[in-house]
Every structure is written in C-alpha cells, then in structure tokens.
Amino acid sequence: MIEFAFMQRALAAAVLVGVVCGALGFFVVLRRLAFIGVGISHSAIGGVAIGVVAGVSPLLTAAVFAIAVALGIAAVGRRSALSEDAVIGVFFSGSMALGVVLFSLQRGYQQDLFGYLFGDVLAISGRELATLAAATALVLIALAFAFRRLFFIAFDEEIAQAYGQPVGLLNTALLVLLALTIVIGVRLVGAILVEALLVIPAACAALWASGWRAQLVLATGLGAASGVLGLALAYWLNLAAGASIVLVSAGLFFASLALRRGGPA
Amino acid sequence: MSGDPVVRLAGVSVERQGRRVLEDISFSLDAGHFLGVVGPNGAGKTTLLRAMLGLVPIAAGRIEVFGRPPGGASPEVGYVPQRHAVAASFPATVRDVVMMGRLRRLGWLERPRAADRESVARSLARVGMQDRAERPIGRLSGGEQRRVMLAQALCASQRLLVLDEPTIGLDLPAEQAFYALLRSLKEELGLTVIAVSHDLVALAAEADELVCINRSMHVHGNPEDVVHSHALREAYSCEFNFLAGEIAHHERIGRER
C-alpha cells in the first residue's frame, strides 16, 4: 500500500488532518460547538462553488467563505432574538444551496461536487499536501499560542473577562480556527463528514481521560489513527476513503463507550 | 494614597436595553473592610458588582477601584461570580483552575513560572485544599468548589475580593465554614471584601458595613443599624422582624465551630 506515491500523500494528509481536527475538536466538544461546526462545514460547499465559478483555488475561497459564515453566525446570533441553532440552520442551508446552484452552472457537476461533499484524498497532489501541511501548522501554532486563555474562557467566560482576557477576540479567533480546520478536512473526508473528525476523536478522548493534557494527546492520536486505519481499510476493501475514515473513528468511539461506560477513572 | 478608599462610587447609574437598572449609587469602602451588598431579587446587586469590575458600562457617575477606573488590566481584584457547580466532566484539576487566576500576569508566550506555582500552592493551603490539588474540579462538592474558586481569586489578588452569592447552594455548616475561612483570610491578609448575598442575616453577621439597594441606594451603614432600619424594609417592600439576639446567636455558633 505505502509503496504508491498517491497513498503516501493520502496517509500524510490523513495524519495531518487527524491531528489538527483532534486538537481543535477538544474545544469543539468542550464548548459545545458541534452544531456551529456542522453549519460551517456545509457552508464550505458554497465557498468551493464560488472558487470553481471564479476560476480560483476552491479551497481558498472555501476558507474565506467559511470564516465569513462563522463570523456571521456569531454576529447574527448576538444581535437577533433567534436561537443559535436557528441562525446556524439558515446559514448552512443557504450556503449549501448556493453551492449546489453554482455547481449546476458548471460542466462536470457531479464529479466536482461529489469530491468536495465526500472527500477526494486519494487525488491529493504534492502541492496540495504542502498547502495542507502549512495550514495545519498555522492552526496548531495559533491554538498553542492561545490555549491557556481559550481554556480559561471555556471554564468561566465572565471571570476570564474580569481578569482582562480579550474574550471577544479569542472567541472570534476560535471560530476562525474552526473554519480553517474544517476547510483543511474537506479534502480528506468532504464537507458532509468533516464534522465527525472534529467531534468523534475528542469525544472518545473524554471517555478515557479526565485531564486536558491527556485528552488533547488522545484526541490528536485517535484522529490520526482513524485516518491511517480508515485509509488502509479503504485500500484493501476498495471502499470510499473519506467515509471509511469516519467509520473507523465512529467504531473507536463505540468500542470506547462499551469499555468505559463509567467514564474516565 | 494609603488612606484613600479602595472602592469609590459616585452617582453611578447603569442602563440595560434603555432602562435604568441602577440609579445614582454612591458609597466608598476603606481598605480592610468587608462590605455586604443586599437587596431583593432584581435589585441590581450583581449588576453593581459587574460595573465595579468593568464588565458592564455605566451610563452616569464614576467608579474608582484603587484610584483608577475599573477594568481587567488591573491585577488588583479577585472575583468569584455566582455560578452553578462545575460540570463533572470539565477536564481540569483543582491546580489547573487556581492557576487560571495567575494568567493575567503571564504574557501570551509565557508558561507559568516557579513564582506562579508557589502562589497556587499557597492559595490552596490557605483555603485548606492543598491535598486535593490533583483532583478533577468537577468531582468536588459544592463547598469544596467554592473554596477552590476563592483560592483562584486569591491567586489573582490579595487586596480586594469581589464575591457574588458566595454561599448560594451551600448548606448551613458549609456556609458557616466558608465565612469562617473568609474571616481568617481577611485578618491574615488585610483583604478588602465586597460580597453580594440574598442571605441578609448571614451577611449582617460577617460584614463590617452593609449597603442595601433596590435599583437605587436605600441605606448604607453598620449592619446593626441597617437591619433595623425603615429604609431596609422599604427596599424589600415588606415588614420583617429579626429575633432579638439572632445575629449574636449566629456569631456564637460560628465561634463554637
């Protein structure tokens, strides 16, 4: 399997995406951002479609669009009387519909759309892998930089604000990192399933460990392991790569649930 | 400067959604004193604390904390807000939570130093939680979590503590233990304390001064005078009588324990 260059690139991408999704997923689970993540990931389709129509890098436009949607959800949620889930529902369905409409104007409609919806990691090029690695490094460095303060806000936002932490700025930064991570993951498992990589490894880690250090290490490890095992499964059984990765991740979660019914020690 | 009040409010008003929720609040608090803030539900007690911390803007008047406008940049204030119990699954130890109180002294690229770790250890020892430092915060009892939050606030400041309903949800023995701890910390460190509580009797027994508000100032003075004042009854819009010697009875129980 690993003698093939395309599999080497795919495995490298799977490890990178698994690590960054595991790391950011720690905060997604801790701060209950899963549904916002779903909204942003589905909105990425709209961003990809804009890139395809405009003839620029679809993942670049997806990143810009996803960030705009993330900030828009936060802003509209703050200013309106609507519940957060209603606001998310509006943004993600509207964005995804925009994407489908724009794609319908292009030739090769189903091929391109399918790849962005469900992932196309086996076709990742060396250049794309380098870009993915750079984006992953950027997100991880930013997360490391702000981790203690983000963790403080997760514990008690009011105390953090009273002690001079820039809560608004950090919450915005977290949403931007979430949007970037989602776009990083779209190439691996697609917009429909990328949320799973943000939630499942971190949720699994929370079943095994009670402290943040252990949960972070486990979440990133489980994310990477899901990617590698899922790709291996897809290779040997000729299955869809992205979905196989998510299935392995889900399998690890349910196995953990069965083994750790009492939660972490 | 040493004789200046620690906290000074002059004509402070706060608005929320176009409506005045605090009107013309004025008082000052000297160093080493314990001020209790009481009033009925919706009186604006928590809003008053949050204004003193710079968490809500004021529509009129002036607030000074250690001679400066309030705001998070000053490492002079420790804060324990009203809160429900920490989620059982929150992935932090007692030590992690207390260390958060040191965060504003650290730069973005700095890790906690030996001085920060020593401060955490001292604060935990002061509240009697040193043996639970490695326990997950979510597995402590309500009273223990409240002590940990006090330790976090002490790590943030040993000059002024601001406490919002610090004993809510605690049973009587835990409440008395908390106030006894606060009393000893105040004596040891010369703390200035501001506490909001709906428990008028308990706060009257502990505080050096009471201020009663219900959107506006109703009365400010020593606890004995305040609890027997007509202004207090006006603020609460009800008549009630404290049994003779009840506050003394509360103190006696505290000493016996």
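In this predicted model, helix 2 of chain A runs up against helix 3 of chain A through a long list of residues: I36(A), G39(A), I40(A), S43(A), A44(A), G46(A), G47(A), V48(A), I50(A), G51(A), V52(A) and A54(A) on the helix 2 side meet P58(A), L60(A), T61(A), A62(A), V64(A), F65(A), A66(A), V69(A), A70(A) and I73(A) on the helix 3 side. Sorted by class, the residues of this contact come out as 16 nonpolar and six polar, with no charged ones. As for geometry, helix 2 (residues 34-54) of chain A and helix 3 (residues 58-79) of chain A pack at about 140°, and their axes sit 7 Å apart. That angle is why helix 2 of chain A counts as oblique to helix 3 of chain A. The crossing of these two helices is right-handed.

Helix 2 of chain A also packs on helix 8 (residues 167-208) of chain A, here with an angle of about 100° and 9 Å between the axes. With that angle, helix 2 of chain A is roughly perpendicular to helix 8 of chain A. From helix 2, the residues involved are A34(A), G37(A), V38(A), I40(A), S41(A), H42(A), A44(A) and I45(A). From helix 8, they are L178(A), A179(A), I182(A), V183(A), V186(A), A191(A), V194(A), E195(A), L198(A) and V199(A). The class count for this contact is 14 nonpolar, three polar and one charged. I40(A) and A44(A) are listed in the contact with helix 3 and turn up again in the contact with helix 8.

Helix 3 and helix 8 of chain A pack on each other as well, at an angle of about 145° with the axes 9 Å apart. This crossing, too, is right-handed. On helix 3 of chain A the contact draws on L59(A), A62(A), A63(A), A66(A), I67(A), A70(A), L71(A) and A74(A). Their counterparts on helix 8 of chain A are T172(A), L175(A), V176(A), L178(A), A179(A), L180(A), I182(A), V183(A), V186(A) and R187(A). By class, that makes 16 nonpolar residues, one polar and one charged. A62(A), A66(A) and A70(A) of helix 3 belong to this contact and also to the one with helix 2. On helix 8, residues including L178(A), A179(A), I182(A), V183(A) and V186(A) meet helix 3, and these residues also meet helix 2.

Zooming out, chain A has 10 helices and zero strands, so its elements, read from the N terminus, are simply α-α-α-α-α-α-α-α-α-α. The C-alpha trace of chain A spans about 55 × 45 × 30 Å along its principal axes. The radius of gyration of chain A is 18 Å, which agrees with the value near 18 Å for a compact globule of 265 residues. Chain B is a mixed affair, with nine helices and nine strands. Its C-alpha atoms fill a box of roughly 50 × 45 × 40 Å along the principal axes. For chain B, with 257 residues, a compact globule would come in near 18 Å, and the radius of gyration of 18 Å agrees.

Between the two chains, the contact takes 17 residues from chain A and 19 residues from chain B. On the chain A side, the elements giving two or more residues are helix 6 (126-155), helix 7 (157-162) and helix 9 (212-237). Helix 6 of chain A gives the most, with five residues. By class, the chain A side has eight nonpolar, five polar and four charged residues.

On confidence, the model scores ipTM 0.88 and pTM 0.90. Chain A has a mean pLDDT of 89, with 96% of its residues at 70 or more. Among the elements of chain A, helix 5 (residues 109-118) has the lowest mean pLDDT, 72, and helix 9 the highest, 95. Chain B averages 87, and 90% of the residues score at least 70. Among the elements of chain B, the highest mean, 97, belongs to helix 2 (residues 94-99) of chain B, while helix 9 (residues 246-256) of chain B has the lowest, 41. Over residues 247-257 of chain B the pLDDT is below 50, and this stretch has 11 contacts in the model beyond near neighbours in sequence. Where pLDDT is low, the predicted coordinates should not be read in detail.

Technical notes. Residues numbered from 1 in each chain as written. Chains lettered and ligands numbered in written order. Predicted model: local features only at pLDDT ≥ 70, side-chain atom pairs only at ≥ 80, totals over all residues. Axes fitted to C-alpha atoms, helices over the stretch in contact; angles between N-to-C directions. Helix = DSSP H or I, 4+ residues; strand = E, 2+ residues; numbered from the N terminus. Parallel < 35°, antiparallel > 145°, perpendicular 65-115°, else oblique. Left-handed = near helix turned anticlockwise from the far one by under 90°. Contact = placed C-beta atoms within 7 Å. Nonpolar A, V, L, I, M, F, W, Y, C, P; charged D, E, K, R; others polar. pLDDT = per-residue confidence, 0-100. Rg over C-alpha atoms; globule rule 2.2 N^0.38 Å.
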